Amino acid sequence: GNGNSVADIRHTSDGTCDTITIFRTSVEGFVIVYDFTTPVENETELSNTLAIVDAAPNPFTTSTAITFNAPGTKKVNVEIFDAIGVKVATLASEVFTAGRHTIDWNGTSNGTSMSSGLYTVRISDGVTSATQQIVLVR
């Protein structure tokens, strides 16, 4: 490419936000690449919500750990559905205390190994539900 002169680009930061200003009357094209890690949800909001926090690893080959938040002590169902919506496993149907919990799924249904594919984890307390897709690779 032609490159840019330093006078054409100004970068400022206030510690929480970076700003890049391009001083050109004509910009034919450019690519901005950024990489940062930031929490997606506010911890306070998450603690008051039935939510799947993570499923890792994803994709997985042997097992995945499903972490979810229960906002209060209540019965929670943790279920796995295949790509066409058929329930293939119930990992839990019990009372959980408030807080984070983790349940492992080994990619089986009633002792039979499931095939590679897209699956959906659904947690529900009878009023609220949350889902996350996971990928099993055999």
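Which strands form an open sheet in which the pairing is antiparallel, and in what order? One such sheet holds three strands, in the order 3-4-7. The structure is a predicted model: local features require pLDDT of at least 70, side-chain atom pairs count only at pLDDT 80 or more, and totals for chains, interfaces and linings use all residues. Residues are numbered from 1 along each chain as its sequence is written, and side-chain values use heavy atoms, with hydrogens and water left out.

The protein chain contains one helix and 11 strands. Helices (H or I, at least four residues) and strands (E, at least two) are DSSP runs, numbered from the N terminus. The order of elements from the N terminus is β-β-α-β-β-β-β-β-β-β-β-β. Of the 138 residues, 29% count as buried. Buried means under 20% relative accessible area, exposed over 50%, and partly exposed in between (1.4 Å probe, protein chains only). A contact is defined by heavy atoms within 4.5 Å. Among contacts with a separation of 6 or more, 48% come from residues 24 or more positions apart.

In the sheet 3-4-7, strand 3 and strand 7 stand at the edges. Each has a single partner strand, so one side of each is left without a neighbour in the sheet. Two strands count as paired if DSSP finds at least two bridges between them. The twist from one strand to the next averages 20°. Axes for such angles are lines fitted to C-alpha atoms, for helices over the stretch in contact; angles run from 0 to 180 degrees between N-to-C directions. Seven bridges pair strand 4 with strand 7 in the antiparallel sense. Asn69 stands opposite Arg100 of strand 7.

Four strands form an open, antiparallel sheet in the order 6-5-10-11. Its edge strands are strand 6 and strand 11, and each pairs on one side only. Neighbouring strands here are turned by 15° against each other on average, direction ignored. Strand 10 and strand 11 run antiparallel and are joined by eight bridges. Ser124 has Ser129 in strand 11 as its bridge partner.

Which residues have the most contacts inside the largest nonpolar core? They are Val78, Ile80, Trp105, Tyr119, Ile123 and Ile134, in a core of 23 residues. Such a core is a set of buried Ala, Val, Leu, Ile, Met, Phe, Trp, Tyr and Cys residues joined through side-chain atoms within 4.5 Å. Two or more residues each come from strand 3 (51-56), strand 4 (64-70), strand 5 (74-81), strand 6 (87-96), strand 7 (99-105), strand 10 (117-124) and strand 11 (129-136). Strand 6 gives the most, with four residues.

The whole structure was searched for aromatic pairs, and three were found. Rings of Phe, Tyr and Trp (its six-membered ring) pair if their centres lie within 6.5 Å; planes under 30 degrees apart count as stacked, over 60 as edge-to-face and the rest as tilted. Trp105 and Tyr119 form an edge-to-face pair, with 5.4 Å from centre to centre and 70° between the planes. This pair links distant parts of the chain: Trp105 lies in strand 7 and Tyr119 in strand 10, 14 residues apart. Both Trp105 and Tyr119 are buried. Ring pairs also link Phe60 with Trp105 and Tyr119 into a cluster. Beyond four places in sequence, Tyr119 touches ten partners, including Ile80, Phe81, Met114 and Leu136.Phe81 is found in strand 5. At 14% relative accessibility, Phe81 counts as buried. Its C-alpha atom is separated by 6.5 Å from that of Val121, 40 residues apart along the chain. Leaving aside neighbours within four places in sequence, Phe81 is in contact with Val86, Lys87, Val88, Tyr119, Thr120 and Arg122.

Ser124 lies in strand 10. With 15% relative accessibility, Ser124 counts as buried. The side chain of Ser124 reaches the backbone nitrogen of Gly126 at 3.2 Å. This is a polar contact, meaning a pair of N or O atoms within 3.5 Å; within protein, one must be able to donate a hydrogen and the other to accept it, and residues adjacent in sequence count only if both atoms are side-chain atoms. Outside four places in sequence, Ser124 is in contact with Leu50, Lys75, Val76, Asn77 and Ser129.

Asp125 is found in the loop between strand 10 and strand 11. Asp125 counts as buried at 16% relative accessibility. The side chains of Asp125 and Lys74 are joined by a polar contact of 3.3 Å. A polar atom of the Asp125 side chain also lies 2.9 Å from the backbone nitrogen of Val127. Not counting residues up to four places away in sequence, Asp125 touches Leu50, Lys74 and Lys75.
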